[in-house]
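Hello,

Here is the structure we talked about passing on. Please open it alongside this email; my notes follow below.

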Amino acid sequence: MSFTTIGTVTPRKDGIGKVTGAERFTQDITLPGMWSALCLRSPHPHAKILAIDTSEAEAMGAVVLVPDDVPDLFYNERTVSVPARTYRDRRVLPRVARHVGEPIAAVAAPSEELAFRALSALKVNYQLLPAVLDPVAAQSATSPSLYQEVFFGDEVVAVSNNIACQRQITVGDAFQALAQSDFVFERNYSLPRVYHHQMETKSAVVRPDPDGGVTVWCTTQSIHNVRHLLARIFSLPMSKVKVKKTPLGGSFGSSIQMNTVIPICAALALKAMRPVKLVSSREEDFYSHTKYPSQIHLKIGVNGDMTIQGVIADVLVDIGAHQIQAYPYLGSICGWMVSLYKWKNIQYEGKAIYTNKVPTCAMQGYGNPQMNFAVESLIDEIAHQCGFDPIEFRLLNYVGAGDEFWGQGPTVRSIIKSCGVEETLRVGAEWIGWDRRQMPEVKSGRYRRGIGLARGFHTSGAGSPLPAEVVDLSSATVKVNEDGSLDVITPLQDLGGGTNDAHAKIAAEVFQVPLDKVGLSAVDTTTTCYDVCTHASRGTYVGGAAVLQAAQQAKTMILDFAGRLLGEFPQQLEMVFDSKLAETAVQSIGSNVKRMSLAEVARMAMVNGWGTAMGSGSYRQKNCPPSFVTNFVEVELDTLTGIIRIARAVSLADCGTLINPDLAAGQLEGSLMRYGGYALSEETENDPDSGALLCQGFITDNKIFSTNEMPYIKDFQTYFANTYEPSGPFGAKGLGEAAGNSVASAIANAIFNASGIRFTRLPITPERFLQALCERKGDQ
Amino acid sequence: MNAISYYRPRNLVEALKVIHDYAGRAKVIAGGTNVLPDIQAGKVKDCVLVDVTGLDELSGIRMEGDMVFLGSLTLISDLAASRTIREQANVLWQACQVFGDPLVRNRATIGGNLAYASPAADTAVPLLLLETTLIAESLAKGRREIPLTQFFRGPGETVLAPEELVTSLFFHSTSSYQGAYIKFGLRQAMVISVANCGVLLKGTDTFQAARVGFGALAPVPLRATQTEAFLCGQVPDESVFAKAAAIAQSELHPISDLRGSREYRVMLADALFKQAMRKALA
């Protein structure tokens, strides 16, 4: 299929604003009479707030917010799951601090300086409670508890042994299948807590409006979900909660929820009755959310003919102090396992444990990088131990076209229609020189190289034929202006990946207009229909499909107007771009005998009083097609310092039609860098005694990889499989999360190939690598 | 109460007076690459910040005969771009290339890097190898010279009196030496060293002189004097490097912290020393 705009490399619509600094992010919003706010954060991992003396701060002229000031309503910051499947355990300010860094009070003052002074003048009387800092010990009968009860949907449920939630999933009989398998392999994998490191720290500006409502600028991936929660917490009609779609400085999932600071800022603004801005410092942001650290126990049964017989998996997740999406996480992480290989028999048990640590939330891949590391490490080990060809073993057992895919846990399933797994494996093997790779035994010397492979995927959205436990719904409006240019109106946030550019391109393609003539409207919750959230790599696949539907409706109206003007049946008309006249024309199909410019049609429709050509509506995708990504990595180990370098790599993706080819390649490049760090460096752990983060919220000792850690350009290749997703807009699928899910697994497999050492715990730091090397020498 | 007041003296005399008047509470700030993070972390509070960035007379690179003089406010980026430093103090020049990142190099000063007394400071080992002398000034004591080898007392501690300010430093040209500085961090830029090592060697067939220094491997950046003594008169080969590395390891007393354990640092000392020797002789 050939396209005119889809698949072309174009400058980003927000590019000039971003590179010149003209773009206004939440932190850039300044309003007349605006006050500055700051949060008081608990220095203790677990403490009851007995009293807060605000008198001195108030005497300075500050407005102070304490737990008694906020509505006594318990909510979950994330509202992507259906309400009946959502755990609720937090209020705007808690009466018990449950992690170091949890906001327990806030101040607003006319200047930032005064806010700082007022904050230091607050006196809190804490009753210290014993802290729960180990997810295993947390389950013992003698452990202190974080909660007695929480809400699940509308029900009050008791919490015992700090178990926040659990899920069991059974398909067939895995115990019997493993008992009858030729070989059974078993391993424990441990994946670290890491911080999102998004550029923009979580911030909000809230302005109380004369009608009693609020206007909100904030760091979020979902303006509509922020509106839902603010309306509910502050008992406002949604029509009075106007959340502005504000450019986002990256997220990696860190703003899938209504961020903690947003309702605090709203409560302060409503109490002070003036606009208030609340910006998190980087150190505060570290204490806001982290990725889900997970321990995965995996047991796989396989027969000598390379067929997999069954899997038993136990997952333990240390979720920290609050549930954001622990319950759906336990379902999703099982789904990522289910959809990797044809297990036939599955026994899964997942447990999420409350601890007095920073709450965990989604981060790029949502459990998929964690599960992928476990499965792709063990699959690689099985292939090695049993003498199977690692590529053929995967090709024989992978879940692909015609198979069922779990896109967001057990209730979100659809049949796979497009699949490039085989192509990515074959092309990648050729590029990296897979056939020439040598086994670890023959390697010696200070620097040792090894090649590894891993394959993975991620869903595109959370749609399924039937309603499920995850809400998936989008909307869009496209209108044709009186000069033939278009306005695209979408509530979807662009997290930085170019999602909104994809939307503009889809509209441009439908109308055959130059991309420059498609505008992206500034919108808010009062001017757009509902969209759940930019998450689950759904921006292009779901949001783009909503734009496609709206654009096609608007096109139907244009053809109808043109038919009237030209005296032709609308079905006999088409739109073409006339490059000589540099204009889009509506003309008879295959001939320009009857022809008018699009601009003229739109203008005459206005002059004649017929109306504006437009399309608008909600849209739900009924599928959740996986985008497949395969990574081949060659590492170089320095056996003296322990440094592991990514020497060469190829990342191969099947994401259907490419809409923004350079941005898609950028997703793969960025993911090699980010997940290189996940594999080799990043860890944001807590001090086991104080409960504070070991890095204390400072980037100084919590670095992500930079371009310096990347292979040279000639040594890194990206590749896109030639696939077309029939259910996607112009054949497209998602990519953002798929891009990273198998990177760490490929790196670990390459380290095995270089050294003969299998790592089951990430990150594989230089020190841990050297330690393992020394221990192995000790064995010999 | 976290009370921080701020002074910005216009000249050295004013600066020395403020530091004198607030001796004990005065905290000198130049580039701010250490002080500002410390304020944010709550390690520095209730102090008088004395911003010396207006003292232009304390900045600059100058040669007199075979002596190199550096003003204490000379920026790392100026050193990294200086032909004089590259030719006369190449080991320092190497360290400046890997110091922080471009933003930090544009703010951080050589005097600040020393006075902060981090065991990991990137310019400390090269300046130790260059046998640098510091000049400290104060109203009370006037002007005095402090050999860098006697300057550091522990992490964050120096022999400077509370009212003293490092105003300049100087060392002899080492253009006839071969030197190398190896920084080891957990990534390649904008990191604090887990360990670092520098060497400065004279002689090709046998070592006529050898200076060896290590950073982040003891409470202070230090010269490995026994290692140096061993190397003198030796021929440069791998077996000599190995013996020297073993001696060096016995001279170090690293700690365990977030960036690495004691054991790991000892292993690194061996690897970095050998790497530095090879690089210097290459």
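Where in chain A is the place of A:Pro763? Look in the loop between helix H17 (743–755) and helix H18 (766–779) of chain A. The peptide bond leading into this proline, from A:Leu762 to A:Pro763, is cis. Its omega is near -5°. Please keep in mind throughout that this is a predicted model.

A second backbone point concerns A:Asn162. This residue is not a glycine, yet it has a positive phi of about 60°. A:Asn162 is found in the loop between strand E9 (155–158) and strand E10 (163–171) of chain A.

Next, a helix pair. The axes of helix H8 (residues 326–338) and helix H9 (residues 368–386), both of chain A, come within 9 Å. They cross at roughly 40°. Angles from 35 to 65 degrees fall outside the parallel and perpendicular classes, and H8(A) and H9(A) are therefore oblique to each other. Their crossing is right-handed.

Which residues meet there? H8(A) brings A:Tyr329, A:Ile333, A:Trp336 and A:Met337. H9(A) brings A:Asn368, A:Gln370, A:Met371 and A:Val375. By class, this contact has six nonpolar residues, two polar ones and no charged ones.

Now the aromatics. Over all chains, the count comes to 25 aromatic pairs. One of them is A:Tyr189 with A:Phe373. The pair is edge-to-face, with 5.8 Å centre to centre and 85° between the planes. It links distant parts of the chain. A:Tyr189 sits in strand E11 (residues 183–191) of chain A, and A:Phe373 sits in helix H9 of chain A. The two are 184 residues apart.

Last, the domains.

- Chain A is divided into domain 1 (15–20 + 473–619), domain 2 (31–129 + 199–250 + 255–286) and domain 3 (379–460 + 625–779).
- In chain A, the C-alpha centres of domain 1 and domain 3 are separated by 39 Å.
- Across that pair, 16 residues of domain 1 of chain A are in contact with 22 residues of domain 3 of chain A.
- Chain B is divided into domain 1 (4–51), domain 2 (57–172) and domain 3 (178–281).
- In chain B, the C-alpha centres of domain 1 and domain 3 lie 35 Å apart.

Best wishes

How values were computed
Residues numbered from 1 in each chain as written. Chains lettered and ligands numbered in written order. Predicted model: local features only at pLDDT ≥ 70, side-chain atom pairs only at ≥ 80, totals over all residues. Heavy atoms only, no water. Axes fitted to C-alpha atoms, helices over the stretch in contact; angles between N-to-C directions. Helix = DSSP H or I, 4+ residues; strand = E, 2+ residues; numbered from the N terminus. Parallel < 35°, antiparallel > 145°, perpendicular 65-115°, else oblique. Left-handed = near helix turned anticlockwise from the far one by under 90°. Contact = heavy atoms within 4.5 Å. Nonpolar A, V, L, I, M, F, W, Y, C, P; charged D, E, K, R; others polar. Domains from an automatic or database assignment. Phe/Tyr/Trp six-rings, centres within 6.5 Å; stacked < 30°, edge-to-face > 60°.
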